[in-house]
Amino acid sequence: MRQALRTAGVELLPLAALAIGVLGGCDPELHSVAWLVEFASSALRERAVVVDATVLEGGCTGTRVLYESELTAGETPPPPPALAPGRYGVAARARDEGCVWYALGCVEVALPEEGPTVTVTLAAAAPEVQC
């Protein structure tokens with residue numbers, strides 16, 4: 001059974017996942033989405049040193065990044081901006097201590113969309129050295 005810690009509306013699953021929420025505020029034209037980033041396997045999770053979370057305009061193939069946050073274990077992400085109606089890619093990727101991006105995932109979200117938290121599962125990907 002996974003234990004979850006809820007802080008300021010953000011659910012953190014220790015060593016297993018990362019949760020990020022977008023707050024819509026009082027503007028009825030802006031919408032919120034919350035997402036949970038988890039790993040497809042414990043081996044992928046244990047290798048992670050950094051998780052990079054992004055929101056892409058236009059879906060998972062979008063090139064305009066609206067939000068990006070690099071997080072290490074134990075960090076709470078800053079909230080992304082509220083989003084206007086449209087299609088977005090909610091994405092994340094993981095990096096190991098050798099500066100290799102090795103896992104990624106993305107889920108397309110159409111706003112306004114109401115419902116449960118979107119789960120982005122990080123699966124093994126072709127290695128990409130960045131540092």
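User: Among contacts between residues at least 6 apart in sequence, what share joins residues at least 24 apart?

Analyst: In this predicted model, 53% of the contacts between residues at least 6 apart in sequence join residues at least 24 apart.

User: Which elements make up the secondary structure, and in what order do they run?

Analyst: The protein comes to 1 helix and 9 strands. From the N terminus on, the order is β-β-β-β-α-β-β-β-β-β.

User: Why are Trp-35 and Tyr-67 called an aromatic pair?

Analyst: Ring centres must lie within 6.5 Å to count as a pair. The centres of Trp-35 and Tyr-67 are 6.3 Å apart, and therefore the two rings satisfy the criterion. By this rule the count comes to 1 aromatic pair.

User: What makes the geometry of Trp-35 and Tyr-67 edge-to-face?

Analyst: The angle between the planes decides the matter, and edge-to-face requires over 60 degrees. For Trp-35 and Tyr-67 the planes are 85 degrees apart, so the pair is edge-to-face.

User: Where in the chain do the two partners of this pair lie?

Analyst: Trp-35 belongs to strand β4 (residues 34–39) and Tyr-67 to strand β6 (residues 64–71). The two residues are 32 residues apart, and the pair links distant parts of the chain.

User: How do you know whether Trp-35 and Tyr-67 are buried or exposed?

Analyst: A residue is buried under 20% relative accessible area. Trp-35 has 0% and Tyr-67 has 7%; both values fall under the cut-off, so both residues are buried.

User: What makes Arg-93 count as a charge over the ring of Trp-101?

Analyst: The distance part of the criterion asks for CZ of Arg within 6 Å of the ring centre, and the position must also be within 35 degrees of the ring normal. The charged end of Arg-93 sits over the ring of Trp-101, 3.8 Å from its centre. Arg-47 likewise lies over the face of Tyr-102, at 4.1 Å from the ring centre.

User: Why is strand β5 described as mostly covered?

Analyst: Strand β5 spans residues 50–57, and 7 of its 8 residues are buried. For the protein as a whole, 40% of the 131 residues count as buried.

User: How do you know that β5 pairs with β7 and with β6?

Analyst: Pairing requires at least two bridges. β5 and strand β7 (residues 86–95) have 8 bridges, while β5 and β6 have 7 bridges; both counts meet the requirement, so both are pairs. Each pairing is antiparallel. Val-50 stands opposite Arg-95 in β7, and Glu-57 stands opposite Arg-64 in β6.

User: What lies between β5 and β6?

Analyst: The two strands form a hairpin with 6 residues between them. Gly-58 in the turn has a positive phi of about 90 degrees.

User: Why is Arg-95 called buried?

Analyst: Arg-95, in strand β7, has 15% relative accessibility. The limit for buried is under 20%, so Arg-95 counts as buried. Leaving aside neighbours within four places in sequence, Arg-95 is in contact with residues including Arg-47, Val-50, Trp-101 and Tyr-102.

User: What makes Ser-69 buried, and which residues does Ser-69 contact?

Analyst: Ser-69 is found in strand β6. Its relative accessible area is 7%, under the 20% cut-off, and therefore Ser-69 is buried. Beyond neighbours within four places in sequence, Ser-69 is in contact with Val-51, Asp-52, Ala-53, Pro-77 and Pro-78.

Technical notes:
Residues are numbered from 1 along each chain as its sequence is written. This is a predicted model: local features need pLDDT of at least 70, side-chain atom pairs count only at pLDDT 80 or more; totals for chains, interfaces and linings use all residues. Side-chain values use heavy atoms; hydrogens and water are left out. Rings of Phe, Tyr and Trp (its six-membered ring) pair if their centres lie within 6.5 Å; planes under 30 degrees apart count as stacked, over 60 as edge-to-face and the rest as tilted. Helices (H or I, at least four residues) and strands (E, at least two) are DSSP runs, numbered from the N terminus. Buried means under 20% relative accessible area, exposed over 50%, partly exposed in between (1.4 Å probe, protein chains only). Contact means heavy atoms within 4.5 Å.
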